[in-house]
Structure formats: structure tokens, C-alpha cells
Amino acid sequence: MNFESVFPVWDKLTKAQQERINHTRIEKHFPKGTIIHNGDADCTGLLLINSGQLRAYINSEEGRQVTLYRLFDRDICLFSAPCMLHSIQFEVTIEAEKDTTLWIIPPDVYKSIMEDSAPLANYTNELMASRFSDVMWLIEQIMWKNMDARLAGFLLDESSIEDTNELKITHEVIANHLGTHREVITRMLRYLQNEGIVKLSRGTITILHKEKLISLQDK
């Protein structure tokens, strides 16, 4: 994919605005596991994903992680530019979940163009609202859903993302996504295995009964 085909509202920017973005953007590749952005003291810039997968998460005071949302091809990340969003005080970390190629747009360039471009400003506001909706949904899940339902939902989401029922993922990674301890996840996965819903092997979780997971997720 080329940049012009994936940047939002590209055809609604002026020629000068397009040229300014093209002259300042940087294309980078990040191997899986790379921390791309770390907290509000780090103003990396706007991230537009060409290929790959990113994870945005926060750390609790106890050092546990919880995933806020994930980003895929053509997605754009705003929280990697906190200096542009002065009213937002999120200590968000952005990690490459897979080998990822993306473009970085300097925050001062994006902000100045947004101030002069109503289409880009509208898109940015819609994107911000969508991200906050993701965060509010997560808070709702944490407050009102049991961990077994959240685990079932995570396994179903992961199966959909990877397009397979055989998930190459560790208990520790799942715990980091859900903001809990590895031991909690291990105990719940063993229960699911005893119920014939999943099969566990080293570094792999195989979903055997998706319908039961759906029922557990919805309870």
C-alpha cells in the first residue's frame, strides 16, 4: 500500500498540505515486541500502519498490563502523540505485536494541518471518540464482567484476528492483555480444558468448542 491511498481524507487536503506531509513523514519497520511509544513524556508522532499489528496498553501501579485496543493495517494511532493532545493524560504504551511497517507523521505537522483542514479535524475528532469508546467498553468489561467471560471473549477475538482455532500464545501474554495474573489465566484455561472447550499444549491453545466459548462470553 502507498501512503496516499491509506491516509484518511487525503483527497480533501490541499496540494500544499499533502506536500508538507509527504516531505516530513518517515517510514519505519519495527520487529515484533518493539516498544514504539512509552508514556506521555514520549511524543513519537502520529502512527499510520502500512502492515502489521500494534497493541496499546497501560500499566497499573502494581505493574500489571491491560490492553486498551489493538491497531491493524490502515489504522492510525493518536495517543502516540500526547504533546498534540494537551487535555489527554494517558500513560499509554504502544508495542508492535507483529512485525510492523508504519509511517510516522510529526505531531506539529499534523496539528497545524488539522487546524486549517475541517475534513482532517472532523476525522480526528471521530477517531478520538472511537478510541474513547473502546476504553469505556474496556472499563465496562472490567467492572461488570467475570474474568471467565472476558477470557472467552479474548480467545474468540484472537481466533478471529489470526483466522485459526490454534492460538500460539502464552498464559502470560493473555494475562497482560486482560490485566490479571498469569496464575488466574492458567487456572481458568485448565477449567476450560476439563470442560472440553479448549486443548492446552506448550505455547498453544486450541479452541475445540467455539459455541461454548460464545455462550460463556455472553453470560
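**Reading a predicted chain**

Student: In which strand is the place of Thr-206?
Tutor: The model here is predicted, so local features need pLDDT of at least 70 and side-chain atom pairs count only at pLDDT 80 or more, while totals for chains, interfaces and linings use all residues. Residues are numbered from 1 along each chain as its sequence is written, and side-chain values use heavy atoms, leaving out hydrogens and water. Strands are DSSP runs of E with at least two residues and helices are runs of H or I with at least four, both numbered from the N terminus. Thr-206 lies within residues 204-207, and this stretch is strand β11.

Student: Is Thr-206 buried or exposed?
Tutor: Buried means under 20% relative accessible area, exposed means over 50%, and partly exposed lies in between, with a 1.4 Å probe and protein chains only. Thr-206 has a relative accessible area of 17%. By that value, Thr-206 is buried.

Student: Val-198 is one of the residues that Thr-206 touches, so what is the relative accessible area of Val-198?
Tutor: Val-198 is found in strand β10, residues 198-201, and among the residues it touches (heavy atoms within 4.5 Å), not counting those up to four places away in sequence, are Leu-155, Leu-189, Ile-205 and Leu-208. Val-198 is also separated from Leu-213, 15 residues further along the chain, by 9.1 Å between C-alpha atoms. Val-198 is buried, and its relative accessible area is 1%.

Student: How many disulfides does the structure hold?
Tutor: A disulfide is a pair of cysteine sulfur atoms within 2.5 Å, and the number in this structure is zero. Cys-77 gives an example, since the nearest cysteine sulfur, that of Cys-43, is 11 Å away. Cys-77 is itself buried, with a relative accessible area of 1%, and the disulfides of the structure number zero.

Student: Over what arc are the buried residues of helix α3 spread around the axis?
Tutor: Helix α3 spans residues 107-116, and its buried residues are Pro-107, Val-109, Tyr-110, Ile-113 and Met-114. Their arc, taken from the directions from the helix axis to the C-beta atoms, puts them on the same side of α3. The face turned away from that buried side carries the exposed residues Asp-108, Glu-115 and Asp-116, whereas the buried residues themselves cover an arc of only 160°.

Student: How are α2 and α3 oriented to each other?
Tutor: Among the elements that cover the buried residues of α3 is α2, residues 15-24. The two helices pack at an angle of about 170° with their axes 10 Å apart, where axes are lines fitted to C-alpha atoms over the stretch in contact and angles run from 0 to 180 degrees between N-to-C directions. The contact is made by Gln-17, Arg-20, Ile-21 and Thr-24 of α2 and Val-109, Ser-112, Ile-113 and Asp-116 of α3. Angles under 35 degrees count as roughly parallel, 65 to 115 as roughly perpendicular, over 145 as roughly antiparallel and the rest as oblique, and α2 and α3 are therefore roughly antiparallel.

Student: What is the phi of Arg-74, which is not a glycine?
Tutor: Most residues other than glycine have a negative phi. Arg-74 is found in the loop between β5, residues 65-71, and β6, and it is partly exposed, with a relative accessible area of 46%. The phi of Arg-74 is positive, at about 75°.
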